[in-house]
Amino acid sequence: MSNTDEKLMQSALKLAARGIGSVEPNPAVGCIIVKAGQVVGKGWHKKFGGPHAEINALEDCRNLGVKPDGAEMYVTLEPCCHQGKTGPCTDAVLAAGVAKVVVAAIDPSPHANGKGIEQLRNASIEVQVGVCEPEAKLLNAPFFKFVTTGRPWVVLKWAQSIDGKVAYSQKGDEQQWISNELSRADAHRLRRRVGAIVVGVNTIIADNPLLTPRPSKSKKPIRIVLDRSLRVPLTSRLLRTTKSGQVYVCTGEVAAGANPNVVERITKKGAEVLACPDGQSNLQFLLNELGKRGIQQVLVEGGPKVLASFLKEGLADEVCVYIASKILGSSGAVAISEATSELTTGIGLIHVDIKCFGNDVRVTGLTEAPLD
């Protein structure tokens with residue numbers, strides 16, 4: 001791998017990152033076309049259902065008045081060779097007369113898994129694989145996990161004060177935010193990235209949230225309540241807005257069997273009741289059910305006990321914490337440390353990123369290395 005190859009692939013990875021939040025459940029992919037040592041085309045997958053990165057890069061090349069025949073293409077994920085919402089990218093690459101394709105990572109999906117690379121090589125196109133592969137897998141870690149395990153990527157998100165409080169003490173119906181507007185806007189971007197949002201029933205009772213991304217940009221994550229005893233209020237905004245997006249109530253098999261009238265009322269509201277078999281972890285059960293439904297990423301928004309439960313069972317892949325420049329003291333409700341005090345071992349984060357949103361600080365990191 002030459003320094004030039006690495007620099008060009010890094011540029012393609014930066015392009016790919018622009019699609020995060022818009023392309024899911026597809027992977028984020030970037031592409032750069034080089035001819036005679038000059039970059040003549042750039043593209044990335046911009047929107048789910050839209051043209052893939054290779055198609056956009058070839059179009060950019062032609063818009064600049066350059067024919068892509070004989071060019072080299074740098075793409076962050078193996079070009080697809082199957083018919084999906086769009087046509088096979090390998091066909092477009094062959095038709096364009098590209099001479100060489102440099103690929104960061106192989107797509108492990110059953111319909112791909114080297115088939116696109118094989119097709120290109122069979123057509124006498126030189127293919128190089130593995131340039132910036134770790135970075136490419138990290139960029140699409142949720143996609144790689146889902147494709148290889150069938151289970152969704154789990155993100156834990158919460159906002160807290162400097163002294164670890166996750167909410168103000170209740171004062172009537174007054175809504176008080178810990179984080180600022182910039183942080184909340186970023187949290188809505190995170191909601192648009194995922195396929196499902198999970199909270200506990202106590203959050204529904206206390207805050208009555210909608211759990212929708214705003215603005216939605218046509219994204220409608222499934223909204224899920226963990227509710228072992230079926231206490232979710234039938235008048236909650238969640239159950240009043242089932243036409244705006246699917247709602248699941250995850251409960252226990254015993255509770256569902258003992259309260260058939262409540263289950264019927266919930267389902268009449270348009271929600272689906274998922275009953276976890278007695279003796280099983282409701283979190284493991286939920287993730288397995290979501291995996292069967294093709295949900296690749298899940299955002300867990302708390303409260304503290306729910307967040308701690310995911311950590312305790314080793315189910316969290318990513319953590320996103322907004323730390324407000326506030327010390328709440330006795331005006332704060334629950335400290336996150338109270339909920340996590342039952343953890344017997346500490347959890348370290350890798351690939352940590354720190355970003356400021358006004359006076360707030362966002363800390364993100366992964367709980368383990370992405371899949372090899």
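Cys 250 is buried in the predicted model, because its relative accessibility is 1%. No disulfide includes Cys 250, and the nearest cysteine sulfur, which belongs to Cys 276, lies 6.2 Å away. Cys 356 likewise takes part in no disulfide, the nearest cysteine sulfur being that of Cys 320 at a distance of 13 Å. Cys 356 has a relative accessibility of 54% and therefore counts as exposed. A disulfide is a covalent bond between the sulfur atoms of two cysteines. The search of the whole structure returned zero disulfides. For Cys 250, the 6.2 Å separation from the sulfur of Cys 276 may be set against the cut-off of 2.5 Å between sulfur atoms.

The nonpolar interior was examined next. In soluble globular proteins, nonpolar side chains tend to be buried together. The largest nonpolar core of the model has 38 residues, and the members that touch the most others are Met 9, Cys 31, Ile 33, Met 73, Val 93, Val 98 and Val 101. Met 73 belongs to strand E3, which covers residues 72–77. With a relative accessible area of 0%, Met 73 is buried. When residues up to four places away in sequence are not counted, the contacts of Met 73 are Cys 31, Ile 32, Ile 33, Glu 54, Leu 58, Val 93, Val 98, Lys 100, Val 101 and Val 102. Glu 54 and Lys 100 are thus among the residues that Met 73 touches. Val 98, another of the members with the most contacts inside the core, was treated by the same exclusion of residues up to four places away, and touches Leu 58, Pro 68, Gly 70, Ala 71, Met 73, Val 93 and Ile 125. Leu 58 appears among the contacts of Met 73 and also among those of Val 98. Outside this set of contacts, the C-alpha atoms of Met 73 and Ser 161 are 47 Å apart in space, with the two positions 88 residues apart in sequence.

Aromatic rings were then considered. Two aromatic pairs were found in a search of the whole structure. Phe 143 and Phe 144 make an edge-to-face pair, with ring centres 5.9 Å apart and 90 degrees between the planes. Phe 143 and Phe 144 are both buried. Tyr 322 and Phe 357 form a tilted pair, for which the centre-to-centre distance is 6.4 Å and the angle between the planes is 55 degrees. Since Tyr 322 lies in strand E12 (residues 318–323) and Phe 357 in strand E13 (residues 350–357), this pair ties together parts that are 35 residues apart in sequence. Tyr 322 and Phe 357 are also both buried.

The ring of Trp 44 is associated with two basic side chains. Arg 18 lies over the face of Trp 44 at 4.6 Å from the ring centre. The charged end of Lys 46 also sits over the ring of Trp 44, at 4.8 Å from its centre.

Charged pairs form a further group of contacts, and the count of salt bridges comes to 15. One of these joins the side chains of Asp 186 and Arg 189, with an N to O distance of 3.2 Å. Asp 186 and Arg 189 are three residues apart in helix H7 (residues 181–193), so about one helical turn separates them. Asp 186 counts as buried because its relative accessibility is 8%, whereas Arg 189, at 41%, counts as partly exposed. A salt bridge also connects Asp 353 with Arg 362, whose closest N and O atoms are 3.2 Å apart. Here Asp 353 is partly exposed at 36% relative accessibility, while Arg 362 is buried at 13%. Through salt bridges that share partners, Asp 186, Arg 189, Asp 353 and Arg 362 are joined into one network.

The side chains of Glu 272 and Arg 293 meet in another salt bridge, at 2.7 Å from N to O. This pair links distant parts of the chain, 21 residues apart: Glu 272 is in strand E10 (residues 272–276), and Arg 293 is in the loop between helix H12 (282–292) and strand E11 (297–300). Glu 272 counts as partly exposed, with a relative accessibility of 31%. Arg 293 is partly exposed as well, its relative accessible area being 33%.

Conventions
Residues numbered from 1 in each chain as written. Predicted model: local features only at pLDDT ≥ 70, side-chain atom pairs only at ≥ 80, totals over all residues. Heavy atoms only, no water. Phe/Tyr/Trp six-rings, centres within 6.5 Å; stacked < 30°, edge-to-face > 60°. Buried < 20%, exposed > 50% of the residue type's maximum accessible area, 1.4 Å probe, protein only. Helix = DSSP H or I, 4+ residues; strand = E, 2+ residues; numbered from the N terminus. Lys NZ or Arg CZ within 6 Å of the ring centre and 35° of its normal. Core = buried A, V, L, I, M, F, W, Y, C linked by side-chain atoms within 4.5 Å. Contact = heavy atoms within 4.5 Å. Salt bridge = Lys/Arg side-chain N within 4 Å of Asp/Glu carboxyl O.
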